[in-house]
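Biologist: Please take me through a single part of this model, slowly and closely. I would like to see which pieces of the chain sit beside it, and then how that part fits into the whole.

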Amino acid sequence: MTEVQLHDITLVPERTLGSPAGEGPLRGRLTFGWDLLPADHASAPADWRAQVNGTPGRDYRHLLLVCSFRPETPQSPGVFRHASLAVSLTTPDPAVRPVARLIDPGERTRPVGGPGTGLSFTVATGIVDLDLGVERQPDAGPGREEWIVRGHGASQPDPQWEFRSLRRLPLAGDHPVAALVELVPGVPNTADVLVAAELEHRSWGVRRYRARLAPQSHGITLSP
């Protein structure tokens with residue numbers, strides 16, 4: 001386990017033709033944090049440890065990222081429908097880049113049912129455990145699963161994750177994701193982060209926002 005310090009992030013609306021008058025930044029709705037862990041830390045998933053142990057000549061870091069979505073308030077309205085977290089792994093040489101050799105999760109799902117009992121369950125992400133409240137039809141048996149977090153870009157330098165709400169599960173609370181980053185030796189390695197979100201407003205419909213990240217969160221130093 002690790003302790004991640006979360007920081008408030010301002011959501012800035014994307015300006016489009018016909019943007020609502022008076023639409024301004026949203027505050028207090030999204031927090032973001034990260035931690036950089038050694039490749040051999042005890043809570044790493046088994047396949048991550050196997051990757052590290054099977055390639056002893058390579059240098060890895062575990063990059064843990066957490067987005068935390070907060071409920072709407074009268075001062076900061078709108079309901080989260082979808083969000084994305086993109087990471088660009090770079091070095092000073094654009095032709096040579098670190099790689100997210102493994103990502104977690106590839107997909108995080110929840111069971112889909114009818115009106116339910118208000119049960120809760122824990123999703124183990126491999127890095128941290130996440131408690132999610134769900135509703136499940138009594139005696140429904142095994143059912144269809146729908147994704148709430150989906151990762152893309154394993155073995156690529158530009159991993160990203162999507163988050164979405166479902167009909168009976170709002171996009172709320174802490175959502176951790178992680179990447180096992182293979183570093184480029186001998187040069188500085190950096191992870192540049194971009195967060196975007198869609199919120200639905202009662203009067204304006206769905207509006208897109210980009211997160212204004214502090215410099216220490218936007219550009220994460222993976223190696224000096």
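Modeller: Start with one term. Two strands pair if DSSP finds at least two bridges between them. Keep in mind, too, that this is a predicted model.

The part to look at is strand β12. This strand covers residues 189-201. Take its partners one at a time.

Begin with β4, residues 79-90. Eleven bridges link β4 and β12, and the two strands run antiparallel. Find Phe80 on the structure. Its bridge partner in β12 is Leu199.

Now turn to β13, residues 205-212. Six bridges pair β13 with β12, again in the antiparallel sense. Here the link along the chain is a hairpin: three residues lead from β12 into β13. Look at His201 for one of the pairs. Its bridge partner in β13 is Gly205.

Then comes β14, residues 219-223. This strand and β12 pair over four bridges, also antiparallel. Find Ala191, and you will see Ile220 of β14 standing opposite.

Go back to β4 and pick out Thr90, a residue of that strand. Which residues does Thr90 touch, leaving out those up to four places away in sequence? They are Arg97, Pro98, Pro188, Asn189, Thr190 and Asp192. Thr90 is also a good place to compare sequence with space. Along the chain, 132 residues separate Thr90 from Leu222. In the model, their C-alpha atoms are 9.7 Å apart. Contacts between distant parts of the sequence also show up in the count for the chain. Of the contacts with a separation of 6 or more, 73% involve residues 24 or more positions apart.

From β4, step to the cavity. The search of the whole structure finds one cavity of 30 Å³ or more. Its volume is about 30 Å³. Eight residues line the cavity, and what class are they? Eight are nonpolar, with no polar and no charged residues. Their names are Leu63, Leu65, Val87, Leu89, Pro159, Trp161, Ala179 and Val181. Three elements each give two or more residues to this lining: β3 (60-69), β4 and β11 (173-182).

Two of those elements are partners. β3 and β11 pair in the antiparallel sense, over ten bridges. Within that pairing, Ser68 stands opposite Asp174 of β11. β3 has another partner in β2, with nine bridges between them and an antiparallel run. There, Pro38 stands opposite Arg61 of β3.

Is β3 enclosed or open? Nine of its ten residues are buried, so the rest of the structure largely encloses this strand. Over the chain, 42% of the 224 residues count as buried.

Contrast that with Gly28, in β2 (residues 26-38). Gly28 counts as partly exposed because its relative accessibility is 42%. Its C-alpha atom lies 7.2 Å from that of Ile9, and the two residues are 19 apart along the chain.

Two loops deserve a look as well. Pro105 sits in the loop between β5 (99-104) and β6 (107-111). The peptide bond that joins Asp104 to Pro105 is cis, with omega about -5°. Ser155 sits in the loop between β9 (145-152) and β10. Its phi is positive, about 65°, although Ser155 is not a glycine. At 35% relative accessibility, Ser155 counts as partly exposed.

Step back now to the chain. Its secondary structure comes to two helices and 14 strands.

Last, ask how far to trust the picture. The chain averages a pLDDT of 83, and 81% of the residues score at least 70. Confidence is highest in β10 (residues 160-164), at 97, and lowest in β7 (residues 120-124), at a mean of 37. Over residues 115-141 the pLDDT is below 50, yet beyond near neighbours in sequence this stretch has 67 contacts in the model. Where pLDDT is low, the predicted coordinates should not be read in detail.

Now return to β12 and trace its partners once more. β4 joins it by eleven bridges, β13 pairs with it over six, and β14 pairs with it over four.

Technical notes. Residues are numbered from 1 along each chain as its sequence is written. This is a predicted model: local features need pLDDT of at least 70, side-chain atom pairs count only at pLDDT 80 or more; totals for chains, interfaces and linings use all residues. Side-chain values use heavy atoms; hydrogens and water are left out. On a 1 Å grid over the protein atoms alone, a cavity is a set of points where a 1.4 Å probe fits but cannot get out, and a pocket is an open set with protein on both sides within 12 Å along at least five of seven lines; lining residues have an atom within 4 Å of a point. Grid points are joined across faces, edges and corners, and a volume is the space filled by probe spheres set on the points. Ala, Val, Leu, Ile, Met, Phe, Trp, Tyr, Cys and Pro count as nonpolar, Asp, Glu, Lys and Arg as charged, and the others, Gly among them, as polar. pLDDT is the predictor's confidence in each residue, from 0 to 100. Contact means heavy atoms within 4.5 Å. Buried means under 20% relative accessible area, exposed over 50%, partly exposed in between (1.4 Å probe, protein chains only).
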